Amino acid sequence: MSGLRYVYAVCRPFGAPLQADVTGVAGAPPGLLTHNGLVAVVSTVPERDFAEEPLRRHLEDLDWLSDTARAHQSVIDALTAVTTPLPLRLATVFRDDSGVRSMMEAREDAFRRTLDRLDGRVEWGVKVYADSGQAEAAEPAKPASGRDYLRQRRMRSRSQDAMWEKAEKFARRLHDGLSAHAEDARLHAPQNAAISRQSGRNVLNAAYLVPRSDSEAFVELVDRTKDDEPGLRVELTGPWAAYSFAGLKDDADGSREAGL
């Protein structure tokens, strides 16, 4: 069975070992491929699943995609514990080690600049959800007439509008405050509840680039806001590799096409 080279990330050489039990995509342990003072973190994956045509089919299979994303993320998480990785896109695959080295050489300057900028920094994610059930719970009893019904509809609409306005003001205030304590910030599109499976309406979906040394203070700052507004839920995730600040999405997209 032939294999392809799956690339998780590019980083600088590091001395600490990865977790002994970490496994990557398709159950293979990650290895290190060094070229010109940079390291590509790679593993071998079966061609029957990761060649161009089967991979296209697999990416439409949500179960397969979810399993692959979890395995990919487990390697990135292990790397983040010991170094500053520059994560590449899910399913970045090359024919062989030579293809990986060619990619690293072609993008060497960009990789070095980005690694310099991200060195010693991690990404924290902050989301704010507004509980729409609060306005619905305040809905009055069944109206006695059509006029009462229209009046109740107007009142309910005003109540919901006021709630969303309060939520958005809180989200803007929180984002401004957190941005002042981060080196950089990114606002992402609100998450779709059907996809995220989170209750409530997502009114803030942001990422913050924070030095590792300042992370404890940043987490405490978020924690102090969690009970500021009834009906609003603040969710903190991380620390992650700095996906939102890598700026290499187009490079990663091109890597698979060039490698295969």
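**Close-up views of a predicted model**

**View 1. F50 is buried, and W64 is buried as well.** As with every view here, this is a close-up of a predicted model. Start with the ring contacts: the structure has 4 aromatic pairs. One of them is the pair of Y6 and Y8, a tilted arrangement with 4.7 Å from centre to centre and 45° between the planes. Y6 and Y8 are both buried. F50 and W64 make up another tilted pair, at 5.5 Å centre to centre with 50° between the planes. F50 sits in helix α1 (residues 47–50) and W64 in helix α3 (residues 62–80), so this pair ties together parts that are 14 residues apart in sequence. Put Y6, Y8, F50 and W64 together and you have one aromatic cluster.

**View 2. Strand β6 is largely enclosed by the rest of the structure.** How many of the residues of β6 (residues 121–130) are buried? The count is 9 of 10, which is why the strand counts as largely enclosed. Two partner strands come into this view. One is β8 (residues 201–211), which runs antiparallel to β6 and is joined to it by 10 bridges. To get your bearings on that side, pick out V122 and look for its bridge partner in β8, V210. The other is β9 (residues 232–240), which pairs with β6 in the antiparallel sense over 7 bridges. Here V126 is a handy marker, with L236 as its bridge partner in β9. As background for reading any strand, side chains in a regular strand alternate between the two faces of the sheet.

**View 3. A cis peptide bond joins G238 and P239.** Zoom in on the backbone and check the torsion: omega at this bond is about 0°. For context, most peptide bonds are trans. Where does P239 lie? P239 is part of strand β9, a strand that pairs with β6.

**View 4. Helix α9 has its buried residues on one face.** The helix covers residues 215–223, and S215, F218, L221 and V222 are buried in it. Looking down the axis of α9, the buried residues fall within an arc of 120°, so they line one face of the helix. Which exposed residues does the face turned away from the buried side carry? They are E216 and A217. Now back to F218, which lies in α9. With a relative accessibility of 2%, F218 counts as buried, because the cut-off for that is under 20%. Add W124 to the view and you can trace a long-range link: the C-alpha atoms of F218 and W124 are separated by 8.9 Å, while the two residues are 94 apart along the chain.

**View 5. Strands β2 and β3 make a hairpin with 2 residues between them.** β2 (residues 31–35) and β3 (residues 38–46) run antiparallel, joined by 5 bridges. T34 has V39 as its bridge partner in β3. N36 lies in the loop between the two strands. Its phi is near 55°, a positive value in a residue other than glycine. The general picture is that most residues other than glycine have a negative phi. Is N36 buried or partly exposed? N36 is partly exposed, with a relative accessible area of 42%.

**View 6. A26 takes a positive phi in a residue other than glycine.** The phi value of A26 is near 65°. You'll find A26 in the loop between β1 (3–11) and β2. Is A26 buried or exposed? Its relative accessibility is 55%, and the cut-off is over 50%, so A26 counts as exposed.

**View 7. The structure holds 1 cavity of 30 Å³ or more.** A word on how such spaces turn up: rolling a probe the size of a water molecule over the atoms shows where empty space is left. The largest cavity has a volume of about 30 Å³. Which residues line it? The lining is made up of T80, T83, T84, P85, R121, R212, A241 and A242. Sorted by class, that gives 3 nonpolar, 3 polar and 2 charged residues. Two of the names link back to earlier views: T80 belongs to the lining, and helix α3 spans residues 62–80. R121 is also in the lining, and strand β6 spans residues 121–130.

Conventions:
Residues numbered from 1 in each chain as written. Predicted model: local features only at pLDDT ≥ 70, side-chain atom pairs only at ≥ 80, totals over all residues. Heavy atoms only, no water. 1 Å grid on protein atoms, 1.4 Å probe; cavity = no way out; pocket = protein on both sides within 12 Å on 5 of 7 lines; lining within 4 Å. Points joined across faces, edges and corners; volume = space filled by probe spheres on them. Nonpolar A, V, L, I, M, F, W, Y, C, P; charged D, E, K, R; others polar. Buried < 20%, exposed > 50% of the residue type's maximum accessible area, 1.4 Å probe, protein only. Helix = DSSP H or I, 4+ residues; strand = E, 2+ residues; numbered from the N terminus. Pairing = 2+ DSSP bridges. Phe/Tyr/Trp six-rings, centres within 6.5 Å; stacked < 30°, edge-to-face > 60°. Arc of directions from axis to C-beta.
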